[in-house]
Amino acid sequence: MASLMKFTRFALKNLFSKPVTKNYPAQPRDYPERTRGSIRIDIDNCIFCGSCMRKCPSGAITVDRGERTWSIERMGCVQCENCVNSCPKKCLYTDVNYTEPAQEKVVDTYKGAPLPPKPAMDPEKIAALKAAAAAKKAAAAKEVE
């Protein structure tokens, strides 16, 4: 009988109190400031060195220096922040929001701006460098004899 009274009191208390759960779809969750969420990149500051790719334990990051692309497989990332800590330009950071659920694995690819063309060297300077190299080679050959 005592357990029935306890249950009745518990049921009435829950019936007239606010719900403990969040109203998730209508009210998104607020994450604490130091939450490790998804990795983000400031592609304009990236030098495509590949240190983030080498430090990633799950292999979720791919850097192509020639194409100037940076890719991440979001579902493969374990949010360890090794890539963020190893980035020399500090262009990687973590967002407090997690990756949205999806039915398929998606790879996010970011493309950097193309490199500006290298300025052409003056033909006179090229000829002077070649002459200096030939003279140095000739001097080295004379020393060997």
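Two strands are taken to pair if DSSP finds at least two bridges between them. By that criterion, β2 and β3 of this predicted model form an antiparallel pair, with 4 bridges between them. Strand β3 recurs throughout the account that follows, which begins with the chain as a whole and then turns to the strands, the core and individual residues.

The protein chain contains 4 helices and 5 strands. Read from the N terminus, these elements follow the order α-β-α-β-β-α-β-β-α. The radius of gyration of the chain is 30 Å, whereas the globule rule gives 15 Å for 145 residues; the chain is therefore more spread out than a compact globule. The box filled by the C-alpha atoms, taken along the principal axes, has dimensions of roughly 115 × 30 × 30 Å. Of the 145 residues, 21% are buried. The exposed surface of the protein chain amounts to about 12,000 Å², and carbon and sulfur atoms supply 57% of that area. Sequence separation gives a further view of the fold: among contacts between residues at least 6 apart in sequence, 70% join residues that are at least 24 apart.

Strand β3 can now be considered in detail. In addition to its pairing with β2 over 4 bridges, β3 is joined to β5 by 5 bridges, and these two strands also run antiparallel. Burial is pronounced in β3: 4 of its 5 residues are buried, so the strand is largely enclosed by the rest of the structure. W70 illustrates both relationships. V63 stands opposite W70 on one side of the ladder description, and W70 in turn stands opposite Y110 in β5. The connection between β2 and β3 is a hairpin with 4 residues between the strands, and R68 adopts a positive phi near 60 degrees within it. R68 is a residue other than glycine, and its place is in the loop between β2 and β3. With a relative accessible area of 17%, R68 is buried, because the cut-off for burial is under 20%.

Which residues form the aromatic pair that involves β3 and β5? A search of the whole structure finds 1 aromatic pair. The pair consists of W70 and Y110, in a tilted arrangement with 5.9 Å from centre to centre and 45 degrees between the planes. It links distant parts of the chain, since W70 lies in strand β3 and Y110 in strand β5 (residues 107-111), 40 residues apart. The two partners can also be described by their accessibility. W70 has 0% relative accessibility and counts as buried, while Y110 has a relative accessible area of 26% and is partly exposed.

W70 also belongs to the largest nonpolar core. In soluble globular proteins, nonpolar side chains tend to be buried together. The core in this model has 18 residues, and those touching the most other members are I39, I41, C52, I61, W70, C83 and L92. Two or more residues of the core come from each of β1 (39-41), β2 (61-64), β3 (69-73) and α3 (82-86).

I39 offers a second route into this core. The residue is found in strand β1 and is buried, with a relative accessible area of 1%. Apart from neighbours within four places in sequence, I39 is in contact with W70, I72, R74, C77, C83, V84, L92, Y93 and T94. One of these partners, I72, is 33 residues from I39 in sequence, and their C-alpha atoms are 8.5 Å apart in space.

Two loop residues complete the picture. Q79 is found in the loop between β3 and α3. At 19% relative accessibility, Q79 counts as buried. When residues up to four places away in sequence are not counted, Q79 touches R36 and G37. Farther along, the loop between α3 and β4 (92-94) holds K90. K90 is not a glycine, yet it has a positive phi of about 55 degrees. Is K90 buried or exposed? K90 is exposed, with a relative accessible area of 56%.

Notes
Residues numbered from 1 in each chain as written. Predicted model: local features only at pLDDT ≥ 70, side-chain atom pairs only at ≥ 80, totals over all residues. Heavy atoms only, no water. Core = buried A, V, L, I, M, F, W, Y, C linked by side-chain atoms within 4.5 Å. Buried < 20%, exposed > 50% of the residue type's maximum accessible area, 1.4 Å probe, protein only. Contact = heavy atoms within 4.5 Å. Phe/Tyr/Trp six-rings, centres within 6.5 Å; stacked < 30°, edge-to-face > 60°. Rg over C-alpha atoms; globule rule 2.2 N^0.38 Å. Areas by Shrake-Rupley, 256 points an atom, 1.4 Å probe, with all protein chains shown as cover.
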